[in-house]
Amino acid sequence: MIHLQDLSRTYASDEIETTALGGIDLAVEAGEFVAIMGPSGCGKSTLLNIIGTIDRPTDGRYLFEGADIARAPEADLAKLRRDRLGFVFQSFNLIDELTIAENVALGLAYRSMPAREKKERVAAAMDRVGIAHRQRHHPHQLSGGQQQRAAIARAIVGEPRLILADEPTGNLDTENGAQVMDILGQLNAEGATIVMVTHSPSHADIAKRTVHMLDGRILSSARRVA
Amino acid sequence: MHAALLTLYRSLARHRLYAILNIGGLALGVAVFLVLFLFVRFETGYDRVLPGWERVWKVERSIQFPGNPRFQIPSSPELLAQLRAAFPGLVGVRMTPYDTATVLTGQSSATARLALVDPGYFRIFPSPVLEGDIASTLARPDGIVVTRMVAETYFGRASALGRTLTVARDGKPAVYRIGAVIANLPANTTYVSDLFAAMPARPAADEQSAGYGVTTFLSLPDAASAERIATFIRRHPDPGFNADSIKFLTEDITPLADVHLADRRSRTVVTVLGTVGAVALLLAMLNYVNLATARAGMRAREIAMRKVLGATRGMLVVQLLGEALVAVTLSALVGLTLAEIALPFVNAIGGTGLMLVYWGARSILPALAALVALVTLLAGFYPAFVISRFQPAAVLAAAQTPGGDRTGARVRKALVVLQFAIATSLMIGTAVLVAQARHVQNADIGFGRDGLIIVNGFGDRALDPAQRTELATAIRAIPGVAAVTTSGIVPGGGSFAIGKMHRAGATGDPPMIVQGTVGAAFFETYRARLIAGRLFDPARFALDIGNGEKDPPARLPNVILNRTAVRRLGFARAADAIDQVVARDAGAVRIVGVVDDMRFGTPRDPVDALAYSYRPDGGYRSVQVVRTAGDAALILARIETLWHRIAPAVPPAAVTVDQKLYESFYRQDVQRSRLFMIGAVLAVAIGCIGLYGLAAFDTARRVKEIGIRKTLGASTTDVLRLLIGQFLKPVLIATMIAVPLAYYAMEHWLAGFDDRVALSPWLFVGAVMLAASIAVATILGQTLRVARSEPARALRYQ
Ligand SMILES: Nc1ncnc2c1ncn2[C@@H]1O[C@H](COP(=O)(O)OP(=O)(O)OP(=O)(O)O)[C@@H](O)[C@H]1O
Ligand SMILES: [Mg+2]
């Protein structure tokens, strides 16, 4: 599904140039559940963002289902994100001014489908993560775990083929973290490809493959033998 | 306090954009307000600079014939004596409404305003005497009081006292000896003059016949005596009027201070400009409120920490109001500077003489201090109230800075709507003013106004017949002069009579019709449009003059009517009037032609009903009107050169008709419109500053949200549509408020014009589109930047 070839990303600020990623080669097949691990600042988020097309590589090739999209026009990328990708962030990134239901509906806001279908899908997604009863609340009225589940609902409401999760359990306690991992596991079992950044070895264990990074490079990629 | 100021300074320095928008916008508002405030104070302060103005009353006399506008007419020279007989001890003075006189020096002549006044004039209108003595000067028939400006013009720095001036009034030169020099009169004085001489006890015989009149002023101690005098005047109308006209005569007294703005339309102008000033300031205050509350979120942490450290809400409100006071004071100072810089420009294009006075009785400083206090309270209170309400726990616990609560957002949106409604209304108003100003200067007014020159010097009685003939011949010979005519009635005034005309068999009051005299080729020179019958005809001039009904066989004089006169006389069609005989007090006349209305007067009033009679010399005090084929300015200059050679003692007083109409009727409207326009444009700019600031804060606050939306697949276009749409909604609501408001206001204003533009919907569409485009342009830059940014970067944004 995804092929990254000699991919790099540097950030140029006024004085210094930071190499966040340098020469990444990575392939993710459809249906995989990949965990990315590594010390803080090693480029995990950068890599995930590039996979999610919300950041662009400085160099190298990014093939998504065979098409090189490293330099694709912005509009095409927006379309790709809209139709194929789902995001979950460590800091939830819910919009405070909108209710939970409205936040979840945002996952479909840029697709054209009958309003009724949208409503049904939103309800189903909220049900699935168990926050339907809080749908009229605003994000700041919910606990962290509930907020993250709402964020997951928003990510999956569009039924994406690829879900990208950046430390989805980073701000959660053990119990809430376990719940979130359960949901991700189920989604993978249902066929979604998942790439997840995590600092927790036990959560990484749930994934089928773990990629270790250090200083913008991939150290190893180990497939879990079940 | 010191620490608080330091915090304020740091916060302003850190949020530089905020500081510039906030203080700059408010300063602009203060500047517009100050300038227009000065204008209003200038206009409403007319004659109030005069010591004792409260006691001065003016005798008003006006006449209004049915269907005609009201004419102000001077009062009878005998009135004051009659009043004194009835009210012994009454203090009053008379002056001739100033007359153009000619000051003759060896080689050249210049016009000056000459007032003939009673000896006590300067006791009611005191003026600082720079040198000499007024009483002894006005006691002599050859004494003259001059203003400082006149003294400096003719005698430079040297003392003018005892020097002589040769002044020709109505062509009769007389030598006057300067006995006193007074200070120049303040600009907002109604009764001004350059020269003051004693009024002769009896007017010369020819002046009496010409309707010699004076303006009479009374100094009355209280309202009760004013009422007594007014009653007396109303009960004793001037016996000099015949029984027919006396019905239409109004005599009364009015306070001097009310004279300048007696016309409702001038009051409207002052009100409108004052409102524009207040509105500009209001917009700036709304900006302040908007920006301050929008920024509130950014200060939430600071405020929360202060509360944690023990500050009460009251203390915070005081702190925030203090900050507002500093910001407003700063803005007021910048605004004052802006106003000072702008005033010369405003005065030049607005024809005003406004200035900022800092010390003394007319100092602007107390008003400015009051303004600062008021703006601080009005603009500072709501933000202080909102910001000080933050709950510390909620703020400090939140991972993100709060974006302000929902009511805050709603208030901001409502204020934006209000601002935009005002801005759009002003824009529509400006469009209509411009359209109307264009219209009155270019519309078809019934004659070809371009290339016409009026030579008023021909009406001067100083011109002797030989000079007249020589000038007439010489002007006709100037290359480029296409036609020449002579008439008593001309654009912008001239001399004419007004009287009844009745048609046989007509019922009701006979209409009052202006009767003008014209010479040969009048209609041809003006390019008037003949509607029915014929024009005066060189082959039939003897017929056109008539010989009076009494010399048999009676040949009635012929007249040509304008369209309005035909209608007023009750003829259904112009053709019906031809060959009809109508009666006048001065004898019957026969109608031989009808021409289209020619607008010689103001666009504000309807065209007079007019009957033209033929006179070989153009009639009483007739002047020449020249139609030029070439460059009018060049021909004007040649006429003046000729004139100075042939009749050096008489001012030529030649102007183009365009100039004459502009000076008499359009100039004030054009200048006031310009003031309005400046105010309106700046008010819109202030609104835009607010919108820009709000867009800046709003988009900054929404950067993260935009990042999320893009992550979820929104394209740049989607985001742009969202952000701009969100700003256009208030613009749309504002338009719906502004259009009817502006329509109503401008209809009201245009109702003051007889010759007016139609309120085309395009004016509205254009103005609204312009307002909307300005709004979009204002927010587009920031919106684009945010919409284009990489989502990953946006998500990092805090
Ligand atoms: N916009 C940016 N400008 C400059 N440098 C950046 C930017 N974004 C990331 N970096 C740098 O790139 C490197 C990788 O950052 P990244 O956020 O990918 O790390 P990470 O592995 O996700 O760390 P963590 O586990 O703490 O989230 C870091 O050194 C970071 O400072
Ligand atoms: Mg990270």
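Which residues come nearest to ligand 1? I started there: 13 residues surround ligand 1, and Ser40(A), Gly41(A), Lys44(A), Ser45(A) and Thr46(A) come nearest. I count a residue as near if one of its heavy atoms lies within 4 Å.

Ground rules, for my own memory. This is a predicted model, where local features need pLDDT of at least 70 and side-chain atom pairs count only at pLDDT 80 or more, while totals for chains, interfaces and linings use all residues. Residues are numbered from 1 along each chain as its sequence is written, chains are lettered from A and ligands numbered from 1 in the order in which they are written, and side-chain values use heavy atoms, with hydrogens and water left out.

**Ligand 1**

I looked up where ligand 1 sits, and it lies between chains A and B. Next I checked polar contacts, meaning pairs of N or O atoms within 3.5 Å. The side chain of Thr46(A) has an N or O atom 2.5 Å from an oxygen atom of ligand 1. For Ser45(A), a polar side-chain atom is 2.7 Å from a ligand 1 oxygen. Cys42(A) uses its backbone instead, with an N or O atom 3.2 Å from an oxygen of ligand 1. On its own, ligand 1 has 630 Å² of accessible area (Shrake-Rupley method, 1.4 Å probe), and the protein covers 71% of that 630 Å².

Then I sorted the shell by element, taking helices as DSSP runs of H or I with at least four residues and strands as E runs of at least two, numbered from the N terminus. In chain A, β2 (17-28) and α1 (44-51) each give at least two shell residues. The largest share, three residues, is from α1(A).

**Second largest cavity**

I moved on to cavities: sets of points on a 1 Å grid over the protein atoms alone where a 1.4 Å probe fits but cannot get out, with lining residues having an atom within 4 Å of a point. The structure has seven of 30 Å³ or more. The second largest holds about 70 Å³, a volume being the space filled by probe spheres set on the points, which are joined across faces, edges and corners. Its lining includes Leu433(B), Phe665(B), Asp669(B) and Trp749(B). I traced five lining residues, the largest share, to α22(B).

**Chain A overall**

Last, I noted seven helices and ten strands in chain A. Its radius of gyration (over C-alpha atoms) is 17 Å, close to the 17 Å from the globule rule for 226 residues, so chain A is as compact as a globular protein of that length. That rule is 2.2 Å times the number of residues to the power 0.38.

How values were computed
Polar contact = N/O pair within 3.5 Å; in protein donor to acceptor, adjacent residues only side chain to side chain. 1 Å grid on protein atoms, 1.4 Å probe; cavity = no way out; pocket = protein on both sides within 12 Å on 5 of 7 lines; lining within 4 Å.
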